[in-house]
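Me: I would like to learn how to read the features of a model like this one, going from single residues outwards. Could we take it step by step?

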Amino acid sequence: MKILNIVGARPNFVKIAPIMEAYKAYPDIEPILVHTGQHYDKKMSDSFFETLGIPDPDVHLGIGSGSHAAQTAAIMVAFEPIVLEHKPDALLVVGDVNSTVACSLVATKLHVPVIHVEAGLRSHDRGMPEEVNRIVTDAISSMLFCTEESGVDNLRKEGVPDEKIFFTGNVMIDTLVKQQKKLGGLTTLEDLGVQAGGYGLLTLHRPSNVDDPEVFARILDALEVIQQDLPLLFPMHPRTRNNMQAGRFGERIQKMTNLRLLDPLDYLGFLHLMSASKVVLTDSGGIQEETTYLKVPCITIRENTERPITCEIGSNQLVGTQTERILEAYQHVHQGTLRAPQVPPLWDGRAAERIVAAIHGALSSPA
Ligand code: UD1
């Protein structure tokens with residue numbers, strides 16, 4: 001059973017690691033790993049392979065950055081001959097990035113069944129590129145693995161038959177559970193001169209936040225107030241850094257003496273900082289899940305979330321981008337008035353085992 005597996009961007013690496021590991025229990029599965037090259041900086045890519053023990057990619061497409069059309073099209077053109085050469089029994093994709101949808105389209109047109117891990121999540125906002133990627137990928141997938149029950153419900157509403165849907169848990173949490181054991185010996189906090197519970201962690205990279213100067217300004221208004229109360233660490237995504245350098249925000253950010261800009265961190269360094277922070281402010285998808293597992297308060301600076309379980313029972317507050325709402329949410333953290341969070345069902349470190357067992361079963365039985 002030959003399975004092609006796709007990674008492209010940073011969150012994909014975190015999700016594929018436990019799946020590559022789980023394949024090892026099945027000697028009759030031959031996994032082939034393809035890196036599209038969507039993310040290529042050492043800090044955005046290579047460091048994750050090393051830390052998470054992901055095998056070197058068998059194929060590297062070296063695509064790099066571009067507009068959505070240029071990037072998606074370049075991946076498709078480069079990936080088609082790989083499918084033709086390997087003639088896989090299935091294609092496995094994770095998440096919702098451009099690499100996910102590009103490779104799914106190529107495979108399905110060559111009659112290779114597509115397996116989507118992290119299926120069914122919906123923000124119901126088609127202005128988000130990821131939402132379009134999710135809808136298209138799910139529509140052409142044969143096996144759809146969900147992290148939370150909202151994913152199962154969304155797929156049913158879209159008419160996906162029950163036999164294609166699997167509720168198996170969260171592979172991103174598999175990686176967290178495994179890597180958490182390594183945090184003991186790290187000196188990340190000392191190196192940055194912060195103490196557990198004495199700082200907040202900030203990430204912002206969504207185009208809707210950092211490409212729109214008005215929205216970015218509203219967020220900065222809130223950060224300006226918060227950093228006067230609590231030091232904030234801000235590892236910066238290249239998109240945000242490029243925008244800051246090109247726009248007029250650089251000077252404003254520099255003036256916030258308690259807001260510290262950092263380069264993108266490696267997986268363990270970031271996990272360490274996240275685990276010990278008083279609050280995380282973010283517009284990421286995965287960080288909403290990781291903070292929920294860690295029970296660290298999270299303020300999500302977005303109008304919607306495709307991961308509602310993190311707000312329903314987890315430690316996440318979805319607040320939008322209005323200054324006042326962000327500050328209100330921060331007050332709840334500051335005053336300790338948040339309800340006790342819970343970890344969602346099946347976020348137990350064993351999702352990849354369940355996924356690979358289901359794939360093995362499906363590929364072993366005659367169609
Ligand atoms: C992509 C995903 C997003 C995910 C994010 C995680 C899509 C549509 N978006 O967004 O869902 O949350 O990854 O990081 O697939 N750049 C570098 N070095 C790199 C990679 C990017 O400098 O290694 C810069 C380039 O200027 C590039 C920009 O960042 O144009 C954006 O990169 P891109 O992969 O297009 O999208 P992300 O914003 O990273």
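Me: Which backbone oxygen does the side chain of R134 reach?

Reply: One caution comes before the details, namely that this is a predicted model. A side chain is read by asking what its polar atoms meet, and in this case the side chain of R134 reaches the backbone oxygen of L121 at 3.3 Å. R134 itself is found in helix α5, which covers residues 129-139.

Me: Is R134 buried or exposed, and which residues is R134 in contact with beyond its sequence neighbours?

Reply: The term buried is used for residues under 20% relative accessible area, and R134, at 2% relative accessibility, therefore counts as buried. Leaving aside neighbours within four places in sequence, R134 is in contact with D96, L121, R122, S123, M128 and E306.

Me: How should I read the backbone angle phi, and which value does E118 have?

Reply: The general idea is that most residues other than glycine have a negative phi. E118, although not a glycine, has a positive phi of about 85°. E118 is found in the loop between β5 (114-117) and α5, and with a relative accessible area of 3% this residue is buried.

Me: Where is K295 placed, and is K295 buried, partly exposed or exposed?

Reply: K295 sits in the loop between α14 and β12 (298-300), and its phi is near 60°, a positive value in a residue other than glycine. At 44% relative accessibility K295 counts as partly exposed, whereas E118 is buried.

Me: How many residues of helix α14 are buried?

Reply: For a helix, one goes along the residues and asks of each whether the protein covers it. Helix α14 (residues 286-294) is mostly covered, since eight of its nine residues are buried; these are G286, I287, Q288, E289, E290, T291, T292 and L294.

Me: Which residues does T147 touch away from its own stretch of sequence?

Reply: Here the reading turns from cover to contacts. Not counting residues up to four places away in sequence, T147 touches E118, L121, F167, G169, N170, E289 and W347, so that list includes E289, one of the buried residues of α14. T147 lies in the loop between β6 (143-146) and α6 (149-157) and, at 4% relative accessibility, counts as buried.

Me: Where is D191 placed, and why does D191 count as exposed?

Reply: D191 is in helix α8 (residues 188-192), and D191 counts as exposed because its relative accessibility is 62%, the cut-off being over 50%. Distance along the chain and distance in space are separate readings, and for D191 and N170 these are 21 residues in sequence and 31 Å from C-alpha to C-alpha.

Me: What does the domain assignment give for the protein chain?

Reply: The assignment gives domain 1 (2-169 + 347-364) and domain 2 (183-335), whose C-alpha centres lie 27 Å apart. The contact takes 23 residues from domain 1 and 21 residues from domain 2.

Me: Why does the ligand lie between the two domains?

Reply: To place a ligand, one asks which parts of the protein give residues to the shell around it. Domain 1 and domain 2 both give residues to that shell, so the ligand lies between them. Of the 19 residues around the ligand, Q38, H39, Y40, N98 and E130 come nearest, and by class the shell has six nonpolar, nine polar and four charged residues.

Me: Which atoms lie 2.7 Å, 2.9 Å and 2.5 Å from an oxygen atom of the ligand?

Reply: The atom at 2.7 Å is a polar side-chain atom of H39, the one at 2.9 Å is a backbone N or O atom of D41, and the one at 2.5 Å is a polar side-chain atom of E130. Taken alone the ligand exposes 740 Å², of which the protein buries 87%. The elements that give two or more residues to the shell are α3 (68-86) and α11 (238-246), with the largest share, three residues, coming from α11.

Me: Which residues does G64 touch?

Reply: Not counting residues up to four places away in sequence, G64 touches G37, Q38, Y40 and Q71, and among these Q38 and Y40 are two of the residues that come nearest to the ligand. G64 is found in the loop between β3 (59-60) and α3, and at 11% relative accessibility G64 counts as buried.

How values were computed
Residues numbered from 1 in each chain as written. Predicted model: local features only at pLDDT ≥ 70, side-chain atom pairs only at ≥ 80, totals over all residues. Heavy atoms only, no water. Near = heavy atom within 4 Å. Polar contact = N/O pair within 3.5 Å; in protein donor to acceptor, adjacent residues only side chain to side chain. Areas by Shrake-Rupley, 256 points an atom, 1.4 Å probe, with all protein chains shown as cover. Helix = DSSP H or I, 4+ residues; strand = E, 2+ residues; numbered from the N terminus. Nonpolar A, V, L, I, M, F, W, Y, C, P; charged D, E, K, R; others polar. Domains from an automatic or database assignment. Buried < 20%, exposed > 50% of the residue type's maximum accessible area, 1.4 Å probe, protein only. Contact = heavy atoms within 4.5 Å.
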